[in-house]
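Student: I should like to learn how the terms used for a protein model are justified.
Tutor: Then let us look at the model and set each value against its definition.

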Amino acid sequence: MALRLGDTAPDFTAQTTDGTISFHEWIGDSWAILFSHPKDFTPVCTTELGAFSRRKAEFDKRNAKLIGLSVDPVDSHKEWAKDIEETQGQALNFPVIGDPDRKVADLYDMIHPNASDTLTVRSVFIIGPDKKVKLTLTYPASTGRNVDEVIRVLDSLQLTASYQVSTPVDWKDGDDVIIAPAIPDDEAKTKFPKGFRTLKPYLRLTPQPNK
Ligand code: BEZ
């Protein structure tokens with residue numbers, strides 16, 4: 001069955017371009033972004049790995065570790081990494097799992113047979129320090145992911161894990177947030193000392209509390 005939000009992310013041991021890892025141990029107290037690539041030496045994946053590597057400092061700042069996966073072996077990933085650096089102007093700077101027996105791809109349901117029997121789709125799993133799945137995204141092989149969106153949802157997940165708020169449509173770090181409807185107004189006044197605007201009793205906006 002497909003992984004659902006709140007499930008424990010399956011643990012595994014795997015070979016990566018940075019050596020063998022035990023996934024939960026590797027995550028440690030960080031957040032993790034596990035994302036699959038259909039195949040080595042393919043164009044869209046090459047651009048994605050270059051772009052995520054270029055933005056790695058932004059993930060580091062958020063205590064989030066990146067890890068890619070492709071069903072090709074690690075030796076192939078290492079050859080491909082040379083092309084990534086040459087064409088994207090950026091060296092790969094996080095581990096990529098080699099998964100030729102599809103052990104991890106199967107654990108995370110990354111192969112969707114009606115799309116392809118052999119290639120993974122472009123899955124994204126954001127996993128919290130508690131090892132629970134916080135977010136899943138699935139893109140087809142033909143559509144590259146958006147690094148800004150992954151950072152945006154990570155910001156929302158980290159904020160809403162610490163405060164009783166949710167983030168509205170198109171929210172980005174620094175924008176106003178929504179106070180949880182379960183919090184009565186008198187409690188909201190102490191919890192959100194910057195104040196709030198009430199558009200409807202269930203829709204109250206407050207400045208982002210951790211800014
Ligand atoms: C790509 O990364 O460009 C790609 C990979 C597999 C199928 C289609 C496109």
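Tutor: Buried residues make up 45% of the 211 residues in the protein chain. The model is a predicted one, in which local features need pLDDT of at least 70 and side-chain atom pairs count only at pLDDT 80 or more, while totals for chains, interfaces and linings use all residues. Residues are numbered from 1 along each chain as its sequence is written, and side-chain values use heavy atoms, with hydrogens and water left out.

Student: Why does serine 70 count as buried?
Tutor: Buried means under 20% relative accessible area, exposed means over 50%, and partly exposed lies in between, with a 1.4 Å probe and protein chains only. Serine 70 has 0% relative accessibility, so it counts as buried.

Student: What makes the link between serine 70 and aspartate 40 a polar contact?
Tutor: A polar contact is a pair of N or O atoms within 3.5 Å; within protein, one atom must be able to donate a hydrogen and the other to accept it, and residues adjacent in sequence count only if both atoms are side-chain atoms. The side chains of serine 70 and aspartate 40 make such a contact at 2.8 Å.

Student: In which strand is serine 70 placed, and how many residues of strand 4 are buried?
Tutor: Serine 70 belongs to strand 4, residues 64–70. Six of the seven residues of strand 4 are buried, which leaves the strand mostly covered. A strand is a DSSP run of E with at least two residues, a helix is a run of H or I with at least four, and both are numbered from the N terminus. The protein chain has seven helices and 11 strands.

Student: How do you know that strand 3 and strand 4 pair?
Tutor: Two strands pair if DSSP finds at least two bridges between them. Strand 3 (residues 31–37) is joined to strand 4 by seven bridges in the parallel sense, with tryptophan 31 opposite alanine 64. Strand 4 also pairs with strand 5 (residues 96–98) in the parallel sense, over three bridges; there, glycine 68 has valine 96 as its bridge partner.

Student: Which strands offer an antiparallel example?
Tutor: Strand 6 (residues 122–127) and strand 7 (residues 133–139) run antiparallel and are joined by six bridges. Valine 124 stands opposite leucine 137. The hairpin of these strands has five residues between them, and lysine 131 takes a positive phi near 70°.

Student: Why do strand 8 and strand 10 stand at the edges?
Tutor: The open sheet has four strands in the order 8-9-11-10, with antiparallel pairing. Strand 8 (165–166) and strand 10 (197–200) each have a single partner strand, so one side of each is left without a neighbour in the sheet.

Student: What makes the aromatic pair of phenylalanine 23 and tryptophan 26 stacked?
Tutor: Rings of Phe, Tyr and Trp (its six-membered ring) pair if their centres lie within 6.5 Å; planes under 30 degrees apart count as stacked, over 60 as edge-to-face and the rest as tilted. A search of the whole structure finds nine aromatic pairs. In the pair of phenylalanine 23 and tryptophan 26, the centres are 6.1 Å apart and the planes meet at 15°, hence the word stacked. Both phenylalanine 23 and tryptophan 26 are buried. Ring pairs link Phe12, Phe23, Trp26, Tyr108 and Phe125 into a cluster.

Student: How do you know that lysine 65 sits over the ring of tryptophan 26?
Tutor: A charge sits over a ring if NZ of Lys or CZ of Arg is within 6 Å of the ring centre and within 35 degrees of the ring normal. The charged end of lysine 65 sits over the ring of tryptophan 26, at 5.1 Å from its centre. Arginine 204 likewise lies over the face of phenylalanine 196, at 5.9 Å from the ring centre.

Student: Which residues surround the ligand?
Tutor: Pro38, Thr42, Pro43, Val44, Cys45, Arg122 and Ala141 surround the ligand, where a residue is near a molecule or strand if one of its heavy atoms lies within 4 Å of it. An oxygen atom of the ligand is 3.0 Å from an N or O atom in the side chain of threonine 42. A polar backbone atom of cysteine 45 is 2.9 Å from an oxygen atom of the ligand.
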